[in-house]
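Q: Please take a close look at one part of this protein and explain how it is arranged. Then set that part in the context of the rest of the chain, for a reader who has not met the structure before.

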Amino acid sequence: GGKDRRSGLILTIPLCLEQTSMDELSVTLDYLLSIPSEKCKARGFTVIVDGRKSQWNVVKTVVLMLQNVVPAEVSLVCVVKPDEFWDKKVTHFCFWKEKDRLGFEVILVSANKLTRYIEPCQLTEDFGGTLTYDHMDWLNKRLVFEKFTKESTSLLDELALINNGSDKGTQQEKERSIDLNFLPSVDPETVLQTGHELLSELQQRRFNGSDGGVSWSPMDDELLAQPQVMKLLDSLREQYTRYQEVCRQRSKRTQLEEIQQKVMQVVNWLEGPGSEQLRTQWGIGDSIRASQALQQKHEEIESQHSEWFAVYVELNQQIAALLNAGDEEDLVELKALQQQLSDVCYRQASQLEFRQNLLQAALEFHSVAQDLSQQLDGLLGMLCVDVAPADGASIQQTLKLLEEKLKSVDLGLQGLREKGQSLLDQISNQASWAYGKDVTIENKENVDHIQGVMEDMQLRKQRCEDMVDVRRLKMLQMVQLFKCEEDAAQAVEWLSELLDALLKTHIRLGDDAQETKVLLEKHRKFVDVAQSTYDYGRQLLQATVVLCQSLRCTSRSSGDTLPRLNRVWKQFTITSEERVHRLETAVAFHSSAEKILQECPEQPEAFNEMEQFDEIEAVGKSLLDRLTVPVVYPDGSEQYFGSPSDMASAAEHIREKMKLVSLKKQQLRQPEATTPES
């Protein structure tokens with residue numbers, strides 16, 4: 001980077017203790033001398049050979065080599081010598097005497113004397129100067145420049161070849177797919193980035209100072225490199241822009257061809273194997289298992305279609321992207337492809353959905369038919385079992401269960417009709433996607449099967465209804481039979497309660513004739529109630545006989561109820577007659593006694609006959625005797641009216657009235673006794 005006083009470039013050759021290869025040095029000098037421009041070379045070079053660490057014969061060889069390498073460009077060679085080392089040897093070879101033969105001047109100089117020939121600001125620190133220089137940095141930048149120059153030049157040739165071939169090629173060549181020869185050997189982006197970084201570094205060196213703060217002018221090779229880099233970058237950008245457009249056009253064309261190829265693959269498969277798969281699937285199955293098998297087969301078909309539908313979605317997205325960014329010349333073709341693909345895919349998807357809905361409807365129909373068949377089987381099994389209930393409540397529960405099952409069957413049959421009609425409607429529309437195939441025969445088989453199932457279920461349901469009507473009548477008769485038996489047993493209980501009430505509460509005989517007559521009248525009404533209860537029980541038992549004959553069965557309770565009813569009624573009749581006899585006797589006693597006791601003593605002619613008193617006393621004694629006698633039933637059992645204290649109370653009242661009658665009798669006898677004495 002330094003310059004001599006004539007503005008010529010300074011070339012420094014540092015020699016070391018190791019053996020120096022002249023061939024490598026010659027090549028290096030050739031390379032270094034190729035860097036400056038011809039204008040710089042015309043000003044000549046000043047060569048500094050640093051021999052302080054080398055031998056004299058090496059220095060001499062290097063100087064002589066300069067004669068062959070750069071004789072015209074070298075104006076001065078400064079050999080930096082070590083102190084007092086070469087004095088004797090120099091005398092044997094004087095460079096200044098060889099100036100004419102060498103073509104340049106050679107001087108031996110110490111490092112500290114070098115500033116006599118070159119300004120200190122143009123010398124590096126190694127020679128006591130102030131010029132800032134980093135050889136490794138210069139070398140690295142030079143390598144980057146050389147690499148960029150080589151790669152960019154090669155890349156420009158390749159891009160020009162590609163771009164020119166694209167411009168001159170035929171339409172068929174433009175439409176060919178990109179192969180490996182189409183791609184550049186290096187990445188244009190990388191080369192451009194390298195060039196920009198290099199140019200930035202060169203421009204930065206031009207304006208920035210060194211680390212020490214002293215500004216310095218860049219070397220001529222760097223100044224020369226800047227326009228070269230800028231020119232290469234401009235050419236690269238131009239060719240790369242054209243190359244990108246070529247790639248974009250070819251990529252778009254290739255993408256369009258690939259899309260067209262994939263679209264045709266999808267369309268050909270859907271209209272070919274896909275449609276053929278649906279053509280072979282027309283049945284609905286005759287059971288749940290058969291419908292499920294058809295559904296599984298259809299799911300396999302759907303799975304195969306799903307793969308192609310996924311391709312359709314991807315292609316549709318690609319086509320939409322191209323439509324948004326495509327050229328006018330591609331829009332018509334892209335829209336046509338998109339429309340063709342959408343029509344085929346939507347038509348096939350609709351057919352798949354229709355088939356799936358049809359199979360689902362068939363499965364639901366067969367499921368309802370199977371449930372209804374099971375309900376009918378359960379109802380028939382219930383009707384075939386003979387009814388042997390324990391009571392009327394269980395019969396009512398069974399009858400309720402029977403009605404619920406029949407109602408469930410009605411609802412099931414209604415649901416079957418609805419499902420069947422819906423399925424028939426779908427089958428009638430099947431011809432719309434039959435691909436021109438005549439499906440009348442296949443549809444007729446499906447229709448006949450559906451109608452046959454519904455008719456069979458209707459017949460089975462009708463038979464069950466008839467059997468339910470018969471069973472309902474029988475069960476209602478059994479309910480009535482149990483009701484009659486229960487009511488008859490209740491009548492026996494009521495009659496027994498009436499008998500018990502007659503014995504325990506119907507005790508009083510009355511204090512006078514009027515009260516006794518009232519008691520007698522109440523007793524007759526009481527007997528009427530018992531008679532009605534007995535007649536009601538008899539009628540119920542007669543009804544049970546008729547119902548048993550109708551049901552062809554024997555009642556478990558009526559055979560015991562009738563004897564019980566007759567036995568209780570007989571006991572009630574005997575007890576009632578005894579009660580009537582006692583009341584009638586009491587009426588006669590009270591009437592006769594009250595008549596005698598109410599007559600006036602001034603009428604003695606009424607008592608002329610004492611037989612009336614004797615009769616009253618006889619009736620009273622008979623009544624008292626009857627109160628102590630129990631009621632004897634045909635089976636030999638005995639029952640008393642009331643408790644002993646109750647009977648004693650009734651007897652005491654009768655005795656008191658008999659005493660009154662006896663006292664009246666005595667009073668009437670006294671006048672008869674006094675008359676003879678007078």
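A: The exposed residues D23, E24 and V27 sit on the face of helix α1 that is turned away from its buried side. The model in which this is seen is a predicted one. The buried residues of α1 are L25, L29 and L33. Viewed down the axis of α1, these buried residues fall within an arc of 65 degrees, and therefore they line one face of the helix. The helix itself covers residues 22-34, which is 13 residues. At 1.5 Å a residue, α1 should span 18 Å, and its end C-alpha atoms are indeed 18 Å apart, so the two values agree.

What do the buried residues of α1 pack against? Their partners are two strands and two helices: β1 (9-14) and β2 (45-50), together with α2 (38-42) and α3 (56-69).

The wider chain provides the setting for this helix. The protein chain has 678 residues, of which 40% are buried. Its secondary structure comprises 17 helices and 6 strands. Among contacts in the chain with a separation of 6 or more, 83% join residues 24 or more positions apart. The chain exposes about 38,600 Å², and carbon and sulfur atoms supply 51% of that area.

The nonpolar interior may be considered next. The largest nonpolar core has 79 residues, and L423 and F572 have the most contacts inside it. The elements giving two or more residues to this core are α11 (328-384), α12 (392-428), α13, α14 (513-551), α15, α16 and α17 (644-677). Helix α13 supplies the largest share of the core, namely 19 residues. At least three residues of the core come from each of domain 2 (273-474) and domain 3 (505-667). Leaving out residues up to four places away in sequence, L423 touches I284, L358, A361, A362, F365 and I450. Another core lies apart from this one; it has 23 residues, including I13, L33, V58 and M65. The residue L33 leads back to the starting point, since it is one of the buried residues of α1.

Helix α16, one of the contributors to the largest core, offers a second example of a helix with two unlike sides. It runs over residues 611-627, has 17 residues and reaches 24 Å from its first C-alpha to its last, close to the 24 Å expected at 1.5 Å a residue. The residues F613, I616, G620, L623, L624 and L627 are the buried ones in α16. They cover an arc of only 100 degrees around the axis, and so they lie on the same side of α16. The other side of α16 carries the exposed residues E611, E615 and K621.

Single residues in other helices of the chain add detail. C484 is placed in helix α13 (residues 440-504), and it counts as buried because its relative accessible area is 9%, below the 20% cut-off for burial. Not counting residues up to four places away in sequence, C484 touches L540, A543, T544 and L547. G537 is 53 residues from C484 in sequence, yet the two C-alpha atoms are 8.8 Å apart in space.

T561 belongs to helix α15 (residues 558-598) and is buried, because its relative accessibility is 3%. Apart from neighbours within four places in sequence, T561 is in contact with A488, A489, V492 and L541. Of these partners, A488, A489 and V492 have numbers that fall in the range of helix α13 (residues 440-504).

V529 of helix α14 is partly exposed, because its relative accessible area is 44%. The C-alpha atoms of V529 and L498 are separated by 8.8 Å, although these residues are 31 residues apart along the chain.

Finally, S152 lies in helix α6 (residues 135-168). Is S152 buried or exposed? With a relative accessibility of 0%, S152 counts as buried. Beyond residues up to four places away in sequence, S152 touches V191, L232 and L236.

To return to the part under study, α1 sets its buried residues L25, L29 and L33 against β1, α2, β2 and α3, while D23, E24 and V27 are exposed on the face turned away.

Notes:
Residues numbered from 1 in each chain as written. Predicted model: local features only at pLDDT ≥ 70, side-chain atom pairs only at ≥ 80, totals over all residues. Heavy atoms only, no water. Helix = DSSP H or I, 4+ residues; strand = E, 2+ residues; numbered from the N terminus. Expected span 1.5 Å × (residues − 1). Buried < 20%, exposed > 50% of the residue type's maximum accessible area, 1.4 Å probe, protein only. Arc of directions from axis to C-beta. Contact = heavy atoms within 4.5 Å. Areas by Shrake-Rupley, 256 points an atom, 1.4 Å probe, with all protein chains shown as cover. Core = buried A, V, L, I, M, F, W, Y, C linked by side-chain atoms within 4.5 Å. Domains from an automatic or database assignment.
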